[in-house]
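Me: I would like a close look at one part of this model. Keep it brisk, and define the terms as you go.

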Amino acid sequence: MLGPTRCLLFGHGDISCNGRARCRKCSGYHDTEGCVREDHCLFCGPGHCPTSKQCLAHLQAVQLQELQHDGAHSLLDIK
Ligand SMILES: [Zn+2]
Ligand SMILES: [Zn+2]
Ligand SMILES: [Zn+2]
């Protein structure tokens, strides 16, 4: 499943992530579990969590990643 890394940024995998882990609810530098803060998107601000499907920044990043993925495949298909 495609999703943000533990630092909530895109374009790299969890293995290559050397950023600090962020909360998937309020984008703060703490564990998501037990978070009592309001939803706050790292990309857009308050209103939804950074992993929300309502998040345009999140959607765009996922789409971009899919485009890059497709691009890599079509490159490999060239004989
Ligand atoms: Zn990262
Ligand atoms: Zn939090
Ligand atoms: Zn957002």
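Where does Ser27 lie? Please take in the other residues of that part as well, and then what they pack against.

Reply: Ser27 lies in the segment before β1. Strands here are DSSP runs of E with at least two residues, helices are DSSP runs of H or I with at least four, and both are numbered from the N terminus. A word on the basis: this is a predicted model, in which local features need pLDDT of at least 70, side-chain atom pairs count only at pLDDT 80 or more, and totals for chains, interfaces and linings use all residues. Residues are numbered from 1 along each chain as its sequence is written, while chains are lettered from A and ligands numbered from 1 in the order in which they are written.

The frame comes next. The protein has one helix and two strands. Read from the N terminus, the order is β-β-α. β1 spans 40-41, β2 spans 45-46 and α1 spans 56-77.

Back to Ser27. Its phi is near 70°, a positive value in a residue other than glycine. Most residues other than glycine have a negative phi. Ser27 counts as partly exposed because it has 19 C-beta neighbours inside 10 Å. The cut-offs are these: 20 or more other C-beta atoms within 10 Å of a residue's own make it buried, 12 or fewer make it exposed, and anything in between is partly exposed, with C-beta atoms placed from the backbone.

Leu8 is also found in the segment before β1. Leu8 is not a glycine, yet it has a positive phi of about 70°. Leu8 is buried, because 22 C-beta neighbours fall inside 10 Å.

Arg20 has its place in the segment before β1 too. Arg20 is exposed, because 9 other C-beta atoms lie within 10 Å. From Arg20 to Leu8 the C-alpha distance is 9.4 Å, with their positions 12 residues apart in sequence. Arg20 is in contact with Cys7 and Tyr29, leaving aside neighbours within four places in sequence. Contact here means C-beta atoms, placed from the backbone, within 7 Å.

Asp14 belongs to the segment before β1 as well. Asp14 is exposed, because its count is 11 other C-beta atoms within 10 Å. Asp14 touches Thr5 and Arg6, again not counting residues up to four places away in sequence. Asp14 and Pro4 are 10 residues apart in sequence, and their C-alpha atoms are 8.4 Å apart.

Now the packing. Leu8 joins Cys41, Leu42, Cys49 and Cys55 in the largest nonpolar core, which has five residues. Such a core is a set of buried Ala, Val, Leu, Ile, Met, Phe, Trp, Tyr and Cys residues joined through C-beta atoms within 7 Å. In soluble globular proteins, nonpolar side chains tend to be buried together. Within this core, Cys55 touches Cys41. Cys55 also touches Phe43, Cys44, His48 and Pro50, not counting residues up to four places away in sequence.

Gly47 shows another link. Gly47 is found in the loop between β2 and α1. Gly47 counts as exposed, because it has 12 C-beta neighbours inside 10 Å. Gly47 touches Asp39 and Cys41, not counting residues up to four places away in sequence. The C-alpha atoms of Gly47 and Cys26 are separated by 9.7 Å, though 21 residues apart along the chain.

Two totals close the picture. Buried residues make up 15% of the 79 residues in the protein. Of the contacts between residues at least 6 apart in sequence, 17% join residues at least 24 apart.

How values were computed:
Contact = placed C-beta atoms within 7 Å.
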